[in-house]
Amino acid sequence: MKKYLAELVGTFVLTFLGCGAAVALGCSGDNTAAVVGTAIAFGLAVVAMAYTIGGISGCHINPAITLGCFITGRIDAKDCGMYMLFQIIGAILAAAALAGVVATDPSLVITTATGANACAYGVTNGLIVEIVLTALFVLVVLGATAKANAATGNFAGLAIGLSLILIHLVGIHFTGTSVNPARSIGPALFEGGQALAELWVFIVGPFIGGALAAGIWKAIATEEK
């Protein structure tokens, strides 16, 4: 149970701090400073959690990563399901907390008040963006944490966090960047409207991307012992 609770806490931190930064900075596609700040916030949140709960649960804090680990045989079906459940709970709690903060500060009541995702250029564009970016991100995670890369394993959290910054710098303009179904489900439940109507994109896209990353990794990786 401790590793499941660790995933809940880690996903809460990622969602609250990442989406919180987007809200506080007024992140939008035409606000370059806010885009960069939000990207850095998500990346640093991952780095912080990697070195906080990595030794407990592996710090997936993302159902797409959990799926990738399941497909590559790193976790079993039970852990896969429980990780995803607790990640979603953590994200919902974080979105609820952020919604509470927004409710007490009228200046923060903006379209993306909870950091929810939306497809700026249609669902087809959004789906492609989320699939490709998630595949790249999960591939980095699988590689950085592989036993074959044990010599650089202590820097895995840093590599993953920095890659998430890059992913956000590309994706925010198109979708707000999810690459994480849990991180999208929580805010969408409180945001409603377009965010809730298009939520399927941010669930299906990352899961497809995570599965693709697992397939790519299995094709190129040496056998793990």
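**Figure 1. A nonpolar patch on the surface.** V123, W200, V204, I208, L212, I216 and I220 together make a nonpolar surface patch of about 580 Å². As in every view here, what you see comes from a predicted model. Which helix gives the patch its largest share? That is α9, with 5 residues. One patch member to look for is I208, which is found in helix α9. I208 has a relative accessibility of 35%, so this residue counts as partly exposed.

**Figure 2. The largest nonpolar core.** Now let us turn to the core. The largest nonpolar core is built from 37 residues. I61, F137 and L164 are the residues with the most contacts inside this core. Several helices take part: α1 (2-25), α2 (32-57), α3 (63-71), α4 (77-103), α5 (123-144), α6 (156-175) and α9 (201-220) each supply at least two of the core residues. The largest share comes from α5, with 7 residues.

**Figure 3. The surroundings of I61.** I61 is among the core residues with the most contacts inside the core, and here you can meet its partners. Which residues does I61 touch, once its neighbours within four places in sequence are left aside? They are E7, G10, T11, L14, V46, M49, I53, Q87 and N180.

**Figure 4. An edge-to-face pair, Y4 and Y83.** To describe a pair of aromatic rings, we use the distance of the centres and the angle of the planes. The whole structure holds 4 aromatic pairs. In one of them, the ring centres of Y4 and Y83 are 5.9 Å apart and the planes stand at 80 degrees; an angle over 60 counts as edge-to-face, so this pair is edge-to-face. Y4 belongs to helix α1 and Y83 to helix α4, so the pair ties together parts that are 79 residues apart in sequence. Are these two tyrosines buried or exposed? Y4 counts as buried because its relative accessibility is 6%, and Y83 is buried too, with a relative accessible area of 4%. Y4 and Y83 also join F86 in one aromatic cluster.

**Figure 5. A stacked pair, F12 and F16.** The ring centres of F12 and F16 are 5.9 Å apart, and their planes meet at 5 degrees; planes under 30 degrees apart count as stacked, so this pair is stacked. Where do the two residues sit? Both lie in helix α1, 4 residues apart, which is about one turn of the helix. F12 is partly exposed, with a relative accessible area of 27%, and F16 is partly exposed as well, with 26%.

Definitions and conventions: Residues are numbered from 1 along each chain as its sequence is written. This is a predicted model: local features need pLDDT of at least 70, side-chain atom pairs count only at pLDDT 80 or more; totals for chains, interfaces and linings use all residues. Side-chain values use heavy atoms; hydrogens and water are left out. A nonpolar core is a set of buried Ala, Val, Leu, Ile, Met, Phe, Trp, Tyr and Cys residues joined through side-chain atoms within 4.5 Å. Buried means under 20% relative accessible area, exposed over 50%, partly exposed in between (1.4 Å probe, protein chains only). Contact means heavy atoms within 4.5 Å. Patches are made of residues with over 30% relative accessible area and no salt bridge: like charges are joined within 9 Å, nonpolar side chains (Val, Leu, Ile, Met, Phe, Trp, Tyr) within 5 Å. Accessible areas come from the Shrake-Rupley method with a 1.4 Å probe; for residues, only the protein chains shown count as cover. A salt bridge is a side-chain nitrogen of Lys or Arg within 4 Å of a carboxyl oxygen of Asp or Glu. Rings of Phe, Tyr and Trp (its six-membered ring) pair if their centres lie within 6.5 Å; planes under 30 degrees apart count as stacked, over 60 as edge-to-face and the rest as tilted.
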